[in-house]
Amino acid sequence: MKAPGAEIATVIQNFLPELQQQHPLTGHHLRTLHALQICRTEAMGGRVEHCEHCGHEQIVYNSCRNRHCPKCGNIDRERWLAEREADLLPVNYLHMVFTIPDKLNPLFLHQQADCYNILFRVVNQVMIDFAANPEFLDARIGYTAILHTWGQNLQYHPHLHLVVPAGGITQNNRWKPSKGDGSFLFPVDQLSSVFRAQMVKALRSYVRTEKIETAPGMFNSLFEKEWVVYAKPPFSGPKQVLSYLGRYTHRVAISNNRILRVDDNQVTFSWRDYHQGYKQIITTMEGTEFLRRFSLHILPLGFTRIRHYGFLSSAAKTKALAALREYFCLPPRSEYIKIEWQAIARDRMGIEVQCCKKCGHVMQIIRVIPDCFHRPIRAPS
């Protein structure tokens, strides 16, 4: 059963000073954790709302809007999904996962931005090469790639999730579906082997250029085991694609509902073990270790973790999707108009903003509470 106050903000409050002494964090990490700690508190500022109908008053505090925050992201996710909904095609979509072995974790942890970029780049090149091969598709593909860095138990586990239309665009702008029943785009065993070779080659070049020291024989040892590219059967339809994207695109390392208890020494949380048929596990660990693991998944400042490639890239999407919509006899894509967050909350989330909890009438803002978020932040001593 979930205890009161069991959330990431309490974890930060209880254990950040000790973690900072044991494993000093960067300014970016400290600012991120501080934002999560004060999210939807008086420190963020807010507003006082008054109902002229029944006289009820309520205080609404602002969100931190940090992408790592378990309390935030719903509005951004729904707006992003609304934009993607217009891009969906009447074709099969596949889910693929490219994972690096844990032997590379030390390198990735210390060179996060560069290594994540290399992972994106290598996966893209492998996908393009396989798609261009007449043996497999002989067409130009497009897909969305999403970086996750965690496993269910918060261990460091960098991997890319891909949502891929099962086919590609030919030179005369016609759709060419993948071979067979469309269950898989490319042979997974060949894809895995090429991905491993290209990834090791790219990382070898990187550490040599940057003069980075690695464990002796590390790269040779990466060929001792197969790298498995995970591929699932097709989604059942566009709605399932959107449902999947909604779960994965704006997910954070751990949600507050999985944190069950936080005391002065420990954190108890739930997670599912994929190796035991998604069995739910309850784990208790020292609070500083829990926060250390959580901090591993704070992305580098300004890093883009959701990327679109091929005919879905920003440079090609407008022209390519227009041609495909014409090919599939779909109406032209309507011009995108940014939806206000209040409308997103109401229409896509069923939440009435500024609605009186007592009588249901519209609340009026009578006072604005200033924030202190932008005051100088000192690292815990």
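## Starting at N105

N105 touches I100, Y156 and P158, leaving out residues up to four places away in sequence. This asparagine lies in helix α4, and its relative accessibility of 13% puts N105 in the buried class. Keep in mind throughout that this is a predicted model.

## The largest nonpolar core

The largest nonpolar core has 49 residues, and F108, M127 and L162 touch the most other members. Who supplies it? At least two residues each come from β3, α4 (105–110), α5 (112–132), β4, β5, α6 (188–210) and α7 (218–221). The top contributor is α5, which gives eleven residues. As a general backdrop, nonpolar side chains tend to be buried together in soluble globular proteins.

L162 shows what that looks like for one residue. Setting aside neighbours within four places in sequence, L162 is in contact with L94, H95, M96, F98, V123, M127, Y143, T144 and A145. There's also a second, separate core of 34 residues, with L19, A43, L154 and F294 among them.

## Helix α8 and what it packs on

Helix α8 covers residues 238–248, and its buried residues are V241, L242, Y244, L245, G246 and Y248. An α-helix has 3.6 residues a turn, so residues three or four places apart point the same way. Within α8, V241, Y244 and L245 are among the buried ones.

What do the buried residues of α8 pack against? Their partners are one helix, α3 (74–85), and the strands β3 (93–99), β4 (142–150) and β5 (156–165).

## A three-stranded sheet

Further along the chain, three strands make an open antiparallel sheet in the order β9-β10-β11. The edges belong to β9 (259–262) and β11 (279–286); each has a single partner strand, so one side of each is left without a neighbour in the sheet. On average, neighbouring strands here are turned by 20° against each other, ignoring direction.

Now for the pairings. Three bridges join β9 to β10 (residues 266–273), the two running antiparallel, and I259 stands opposite F269 in β10. On the other side, β10 and β11 pair over eight bridges, also in the antiparallel sense, with D273 opposite K279 in β11. These two strands form a hairpin with five residues between them, and in the turn G277 has a positive phi of about 65°.

## Helices on the sheet

Which helices sit on this sheet? Helix α1 (residues 8–22) packs on it and touches β9 and β10, with its direction at about 30° to that of β9. Helix α9 (residues 287–295) lies across β9, β10 and β11, and runs at about 115° to β11.

## Salt bridges

How many salt bridges does a search of the whole structure find? The count is eight. One of them pairs E7 with K71, with the closest N and O atoms 3.2 Å apart. That one links distant parts of the chain: E7 is in the segment before α1, while K71 is in the loop between β2 (57–61) and α3, 64 residues away. E7 has 23% relative accessibility, so it counts as partly exposed.

Another salt bridge joins the side chains of E78 and R77, at 3.3 Å from N to O. Here the acidic partner is tucked away: E78 counts as buried, because its relative accessibility is 11%. D87 and R84 meet in a salt bridge too, at 3.5 Å from N to O, and both of these residues are buried. There's a wider arrangement around them, since R84, D87 and K317 are linked in a network of salt bridges.

## Cysteines without disulfides

If you're checking for disulfides, the count comes to zero. A disulfide is a covalent bond between the sulfur atoms of two cysteines. Why does C69 not have one? Its closest cysteine sulfur, in C64, is 3.7 Å away, which is too far for a bond; the cut-off is 2.5 Å. C69 is buried, with a relative accessible area of 2%.

C356 is in no disulfide either, and the nearest cysteine sulfur, that of C54, is 3.6 Å away. With 3% relative accessibility, C356 counts as buried.

Methods
Residues are numbered from 1 along each chain as its sequence is written. This is a predicted model: local features need pLDDT of at least 70, side-chain atom pairs count only at pLDDT 80 or more; totals for chains, interfaces and linings use all residues. Side-chain values use heavy atoms; hydrogens and water are left out. Buried means under 20% relative accessible area, exposed over 50%, partly exposed in between (1.4 Å probe, protein chains only). Helices (H or I, at least four residues) and strands (E, at least two) are DSSP runs, numbered from the N terminus. Contact means heavy atoms within 4.5 Å. Two strands pair if DSSP finds at least two bridges between them. Axes are lines fitted to C-alpha atoms, for helices over the stretch in contact, and angles run from 0 to 180 degrees between N-to-C directions. A salt bridge is a side-chain nitrogen of Lys or Arg within 4 Å of a carboxyl oxygen of Asp or Glu. A nonpolar core is a set of buried Ala, Val, Leu, Ile, Met, Phe, Trp, Tyr and Cys residues joined through side-chain atoms within 4.5 Å.
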